[in-house]
Amino acid sequence: MKTKRNRWLQKIAAWVCVFSFLCPVLTVYADDIDRMQNQSSELQGELSSINGELLKIGEQIAKNEVEMEAVNNDIIRLQEQLQIAKNNEDAHYADMKVRIQYIYENQGENLLGMIFSAQSLADFVNKVHFVQTLSEYDRNMFTELKELRCTIEDEEAYQREQQKSYENLENELNVKREELNVKAAETSTDLATIQNAITQMKVEQAAKDSVQPNLPVNNNNVSTPDNSGNTDNSDNGAGNGMNNNDSGQDFTGGGYTYPSAPGQLNPFVGVVYFNGHRETYYSQRVLPGHGLSIPGRHVASDGTIRDASGYICVASSDYPKGTIVETSLGTGMVYDSGCASGTIDIYTDW
């Protein structure tokens, strides 16, 4: 897909270069523009799909980090429980040694001596039962403590495997996100190339169509004498304050010089795709934005609204306010929200 697109873009670039030299004798056919517009639509759809995948990956990473944090907390809790179990085991072992020492050393009697010192059969049975009970208690206690310690160790090992699994998943998601960011940047560049080529072809076609071999005389522009003998050479189209270039589009107006580089947002190209996001603009003439806190707010020479540091004021629902973002018109800062996900709105006076 990428190789086929590159060949198509190379063909477009070569065609545009040739057309720029031969436009006086060539005609831009509508089907060529239609094919390029279809390609542009496909790229826009592909870019939207990539942005959707990036959002899903971002959500997966956030969810994975929450689960990984929970596993880390479980590991800390299990380590504390394991230490408690080990301390209990050591304490019981110490108590048992004290009891054995007492039984074997107290008053110089040993365990057998205590048993055979019984005065009667009932006394003998009671002392044997005491010794058996004490031994069973120690044996059972050791078994329980050992099983508890083994259970905690097994659970800790399982949680560490989960932790490793989450770390591997996060690494995979970060790699995939980086690949998609590269793909989005490439697609944005390809889309800007095609859109610029379409614009240039339309402009050149419009310029050719406006040239007619036999122009009718426009009586409104003919110099006519007045009563004093002077002629009126005024141009009815002058005085509109606009500078028309060869494209038939006005890139100056209202005192502003609009951005006109390929892939840049301006009043004539209301939507562009840049650096993996979709760019549009909203005007303070329609939305004054009185609720926005923009220090040093002013209008730049290109008609964009900027702050005291020169950052372009933008709106985004994907980044928190105060985030620095790159746009087709330069570096911006997020001051507003409310636009669609994957879209950056640039605040202007257009």
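Leaving aside neighbours within four places in sequence, which residues is N64 in contact with? In this predicted model, the partners of N64 are Y166, L169 and E170. N64 itself is found in helix 2, which covers residues 30-105, while the three partners fall within the span of helix 4, residues 121-209. With a relative accessible area of 2%, N64 counts as buried, because the cut-off for that class is under 20%.

It helps to place this site in the overall fold. The protein holds four helices and 10 strands, and their order along the sequence is α-α-α-α-β-β-β-β-β-β-β-β-β-β. Put in words, the helices come before the strands in that pattern. Of contacts between residues at least 6 apart in sequence, 62% join residues at least 24 apart. Burial, for its part, extends to 33% of the 350 residues. The accessible surface amounts to about 21,600 Å², and carbon and sulfur atoms account for 52% of that area.

Charged side chains offer a second view of the two helices already met. Five salt bridges are counted in the model, among them one in helix 2 and two in helix 4, described here in turn. In helix 2, D74 pairs with R77, and the closest N and O atoms are 3.6 Å apart. These two residues are three positions apart, or about one turn of the helix. Both ends of the pair are partly exposed: D74 has a relative accessible area of 25%, and R77 has one of 37%.

Turning to helix 4, R149 forms a salt bridge with E153, with 3.8 Å between the closest N and O atoms. The spacing here is four residues, again described as about one turn of the helix. E153 is partly exposed, at 31% relative accessibility. Further along helix 4, the side chains of E156 and R160 meet in a salt bridge with an N to O distance of 3.4 Å. E156 and R160 are also four residues apart, about one turn of the helix.

Are the two ends of this last pair buried or exposed in part? E156 counts as buried because its relative accessibility of 13% lies under the 20% cut-off. R160, in contrast, is partly exposed, with a relative accessible area of 38%. The E156 and R160 bridge therefore joins a buried residue to a partly exposed one.

Technical notes: Residues numbered from 1 in each chain as written. Predicted model: local features only at pLDDT ≥ 70, side-chain atom pairs only at ≥ 80, totals over all residues. Heavy atoms only, no water. Buried < 20%, exposed > 50% of the residue type's maximum accessible area, 1.4 Å probe, protein only. Contact = heavy atoms within 4.5 Å. Areas by Shrake-Rupley, 256 points an atom, 1.4 Å probe, with all protein chains shown as cover. Salt bridge = Lys/Arg side-chain N within 4 Å of Asp/Glu carboxyl O.
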